[in-house]
Amino acid sequence: GSSTAGSPYNLTCTVMVVNGLVVVPQVMWFKNGTSVIGGNGISLTPGMVSANTTSLTIQFNPLRTSNGGQYSCIANVSLPAISITSLYNTSAASVIVQIPQPIINITAVALSQVIAIGSNITLTCNVQLDPSVDSNVTVNRTWIGPAGTT
């Protein structure tokens, strides 16, 4: 899915188990092959949908640019009495994080209130990104004059 950085976002993995299975599967989320743990705006919430269905939801609040990536859900059923562990990739999702529009402020400083043709003026461009943009980004600024020149 795709969402804008700074807004809440959820991914839910729902696992159905065979009727009569007495072991509840352990559900885990992975991002780009690494186990997802809670913290830094990420929480993991388990849920029991029905007697034979369980779920695990990742909640991003807020969604940050560093949360973008490939997520997969794994259900692990372990039966120690017969030494069987079963891993099943139940879901995969790409999380694409869109960067919110930056805030741009341009200020002008001149030596006097009246600016004569040919006099110097200092222009300052300040670009402010949303705090949820926590990845490195490149901001390119181009000044364009009245005749379309740079």
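This is a short tutorial dialogue on reading a predicted model of one protein chain.

Student: Where do I start, and how far can I trust the coordinates of the protein chain, going by pLDDT?

Tutor: Start with confidence. Where pLDDT is low, the predicted coordinates should not be read in detail. Here the protein chain averages a pLDDT of 81, and 86% of the residues score at least 70.

Student: Which elements have the lowest and the highest confidence?

Tutor: Strand 8 has the lowest, with a mean of 65, while strand 4 (residues 34–35) has the highest, at 92. So go easy on the details of strand 8, because low pLDDT means coordinates that should not be read in detail.

Student: Okay. How many helices and strands does the protein chain have?

Tutor: Zero helices and 10 strands. Read along the sequence, you just get β-β-β-β-β-β-β-β-β-β. As for how the chain comes together, take the contacts between residues at least 6 apart in sequence: 57% of them join residues at least 24 apart.

Student: What about burial: how much of the protein chain is buried?

Tutor: Buried residues make up 25% of its 150 residues. On the outside, the chain exposes about 10100 Å², and carbon and sulfur atoms supply 55% of that area.

Student: Now a single strand. Which way do the side chains of strand 2 point?

Tutor: The general idea: in a regular strand the side chains alternate between the two faces of the sheet. In strand 2, Y9, L11, C13 and V15 point to one face and are buried, whereas N10, T12, T14 and M16 point to the other face and are not buried.

Student: And which strand is strand 2 joined to by eight bridges?

Tutor: Strand 6; the two run antiparallel. For a register check, look at T14, which stands opposite S55 in strand 6.

Student: Which residues touch the most other members of the largest nonpolar core?

Tutor: That core has 20 residues, and the ones touching the most other members are L11, W29, I58, F60, Y71 and V95. The elements giving two or more residues to this core are strand 2 (9–16), strand 3 (26–31), strand 6 (53–60), strand 7 (69–79) and strand 8 (84–98). Strand 2 supplies the largest share, four residues.

Student: How many disulfides does a search of the whole structure find?

Tutor: A disulfide is a covalent bond between the sulfur atoms of two cysteines. The search finds one. It joins C13 to C73, with an S to S distance of 1.7 Å. The pair links distant parts of the chain: C13 sits in strand 2 and C73 in strand 7, 60 residues apart. The link of C13 and C73 is left-handed, with -70° about the S-S bond, and both cysteines are buried.

Student: There's also N67, in the loop between strand 6 and strand 7. Why does N67 count as buried?

Tutor: Buried means under 20% relative accessible area. N67 counts as buried because its relative accessibility is 7%. Leaving out residues up to four places away in sequence, N67 touches K31, I42, F60, P62, V95 and V97.

Student: And C125: is C125 buried or exposed?

Tutor: Same test: C125 counts as buried because its relative accessibility is 16%. C125 lies in strand 10 (residues 122–128). Beyond residues up to four places away in sequence, C125 touches I104, N105, I106, R141 and W143. For a distance to check yourself, C125 and A108 are 9.1 Å apart, C-alpha to C-alpha, and 17 residues apart in sequence.

How values were computed: Residues are numbered from 1 along each chain as its sequence is written. This is a predicted model: local features need pLDDT of at least 70, side-chain atom pairs count only at pLDDT 80 or more; totals for chains, interfaces and linings use all residues. Side-chain values use heavy atoms; hydrogens and water are left out. Buried means under 20% relative accessible area, exposed over 50%, partly exposed in between (1.4 Å probe, protein chains only). Contact means heavy atoms within 4.5 Å. A nonpolar core is a set of buried Ala, Val, Leu, Ile, Met, Phe, Trp, Tyr and Cys residues joined through side-chain atoms within 4.5 Å. Two strands pair if DSSP finds at least two bridges between them. pLDDT is the predictor's confidence in each residue, from 0 to 100. A disulfide is a pair of cysteine sulfur atoms within 2.5 Å. Accessible areas come from the Shrake-Rupley method with a 1.4 Å probe; for residues, only the protein chains shown count as cover.
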